[in-house]
Amino acid sequence: MKGAELVLKVLQQHGVDSIFGYPGGAIMPIYDALYQSSVKHYLCRHEQGGAFSAIGYARASGKVGVCMATSGPGATNLITSLADAMLDSVPVVAITGQVSQAVMGTDAFQEIDVLGLSLAVTKHSFMVRSVDELAATLNDAFAIALSGRPGPVLVDIPKDVQLAELDYQPEATTSVRPVPVATSLANAAKARALIAGAKKPVAYIGGGVHMAGAMPQLQQFLAANPMPSVTTLKAMGSVAKDNAHYLGMLGMHGTQAANLAVQQCDLLICLGARFDDRVTGNLQKFAPLAKVIHVDIDPAEINKVRFADAALLGDMQQILPAISAGTDCADWLNHCAQLKQQYGWRYDHPGERIYAPLMLKQLSERMPDNSVVACDVGQHQMWVAQHMRFSHPRNHLSSGGLGTMGFGLPAAIGAKLARPQDTVITVTGDGSFMMNVQELATIKRFRLPVKIVVIDNQRLGMVKQWQQLFFNARYSETDLSDNPDFVALAAAFAIPGHCITRKDEVESALEAMFTWPGPYLLHVCIDDKDNVWPLVPPGAANEDMITEAKA
Amino acid sequence: MNHILHITASNTPAVVERLLQVTRYRGYQLTGLQMTPRADSRSVAIRLSVSGDKPIHLLTSQLHKLYDVQQLELAGSELAVLSA
Ligand SMILES: Cc1ncc(C[n+]2csc(CCOP(=O)(O)OP(=O)(O)O)c2C)c(N)n1
């Protein structure tokens, strides 16, 4: 057997059913082996799109996403998506072809130092030097991608290794399990004392909870220790819909109730989150009165930006029950319930034009249970987080750490392939959509019934909003009023669509989109003046949110 | 503040680059570097001197996450030994 065939064998052993990629010279042996393989390959139309599909697949399913590219430009096209997976801790294995070892280091055609490029954007990376180490290296790649805090791993395979013959002996045990994490409960008693003594506790929930498979433990913890909870962008959907004390997302575009509760709390229980600057605003002024309990799987997150009075490292499933102490904070719960009521969203927007927050609320209410929403980056992304409700974080795919425009459409493709039974919707902006618009061809080829909602304000809206607020309304290079006709564009890929401009068209348009059995594009035109509120200005504390009324 | 780190790492092609990349990215300056492959050549002993204003645990905790790093000791410090 050749190295190239072995690659596919190992992928099969890891249960990989779908891979996303694009061929080229240095990876041709693997594509040749693919020709007869039962592993299903989905041809993307840009390697960045393929890798985003692998991310969407991984985030929607919890499995490892796999993507492939050739050497040189194929590999460099993966970099942005790997960086995205790195910052959002997504388990991805990227396989790249490399020129033969005989010419490596000579600036050969399509040779670039991929291992060198990978250092800043992967959890780990390998260059395979001999076919004898190929299977073990790929096994390691899967184990590393899934172990501890998940992340992307790149395996660069020179062409001579792909072509080399080996005498393949299937190993007795091939499934490589992620390395179990050591859990330290040394500070559990301290954490319990802090929780039992707190008058104003808040749970600050990040993506680490669901990635640890600790959603049931989280609900039990919140039931046994009633307290207000807030989530990060990545954790939307972590708190059960019937939990009355949930306050929504915190941070720059969080709800006022969430931000005020965190600013006032005396104990912040950070679960699988990392005090990101979009969450904390001015760090010195963030939750100034709070003691902190920090639970995470990554030791490097403890005391990185905020001191933890009690830190617990390891498996969230074990730690949550171990820190349960019972709370007694009825006044605080009432106070936060009042905040929630006082600052609740309002949808009574004047005029005929479509109000995106209301439209997204209608979409949220109309979409089938367990639908996946993949969004892009910008104002529409924040509106999705604010106005849609999710029953699980795997149903809300949003580029959090890297904030990568172009994420939504290919991520939706990956999600649809991972979960063919579930409805998959991408909510994108007119700017973001164009960044990986070529993936409409992938949707067309595989007849993927992905629903595409383009929220069109004819602007790079989020940048425009900052120009308006912080750069004296000097709108430098954010006008997109010469956008293509999105419905016609979709039609070129055999995707039907419809354009709406008025509020009273929304319900029937959503109905038509969901009733249509295949892919569909809904072009939603909104006012370019609409902005995202509330907003914590740069450098400000989270209680100093600007609202529409104040702006 | 100057710090000296004694690191044992797998002798893989990019291991030194990884250490240096993390050191630079996390905001520390390199002030010295020595490396000696161990007898079996499977691992290397590295002595990394760095200076920086931030607490050194912000660097050691990140270096420690590198898959190739087997052991990391901070010379002359209390929270010294962290083994992989
Ligand atoms: C790849 C990339 N380039 C640039 C940016 C900076 N950026 C953030 S939001 C945004 C505007 C997005 O416009 P659009 O997709 O139309 O969404 P809107 O904000 O209008 O809802 C830009 C340019 C980015 N996040 N990603």
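This report describes two sheets, the helices packed on them, one covered helix and one annotated region in a predicted model.

## Basis of the description

Because the model is predicted, local features need pLDDT of at least 70 and side-chain atom pairs count only at pLDDT 80 or more, while totals for chains, interfaces and linings use all residues. Residues are numbered from 1 along each chain as its sequence is written, chains are lettered from A and ligands numbered from 1 in the order in which they are written, and side-chain values use heavy atoms, with hydrogens and water left out.

## The sheet from E1 to E6

In chain A, six strands (a strand being a DSSP run of E with at least two residues, and a helix a run of H or I with at least four, both numbered from the N terminus) make an open sheet in the order E2-E1-E3-E4-E6-E5, with parallel pairing. Two strands are said to pair if DSSP finds at least two bridges between them. The edges are strand E2 (40–43) and strand E5 (124–127) of chain A, each of which pairs on one side only, and the twist averages 20° from one strand to the next.

Strand E1 (residues 18–21) of chain A is joined to E2(A) by four bridges in the parallel sense, and A:Ile19 stands opposite A:His41 in E2(A). Helix H6 (residues 134–146) of chain A lies across E3, E4, E5 and E6 of chain A, and runs at about 165° to E6(A); such angles run from 0 to 180 degrees between N-to-C directions, with axes fitted to C-alpha atoms, for helices over the stretch in contact (heavy atoms within 4.5 Å).

## The sheet from E13 to E18

Another open sheet of six strands in chain A has the order E14-E13-E15-E16-E18-E17, and its pairing is parallel. Strand E14 (396–397) and strand E17 (497–500) of chain A have a single partner strand each, so one side of each is left without a neighbour in the sheet.

Six bridges join E16 (residues 451–456) to E18 (residues 520–525) of chain A, and A:Lys451 has A:Tyr520 as its bridge partner in E18(A). Helix H22 (residues 506–515) of chain A packs on this sheet, touching E15, E16, E17 and E18 of chain A.

## A covered helix and an annotated region

In helix H11 (residues 256–264) of chain A, eight of the nine residues are buried, meaning under 20% relative accessible area with a 1.4 Å probe and protein chains only. Their cover includes strand E7 (201–205) and helix H14 (330–342) of chain A.

An unreviewed UniProt entry places the feature "domain: Thiamine pyrophosphate enzyme central" at residues 189–322 of chain A, although such annotations may be inferred rather than shown by experiment. Over residues 189–322, the chain is 32% helix and 20% strand.

Conventions
Buried < 20%, exposed > 50% of the residue type's maximum accessible area, 1.4 Å probe, protein only.
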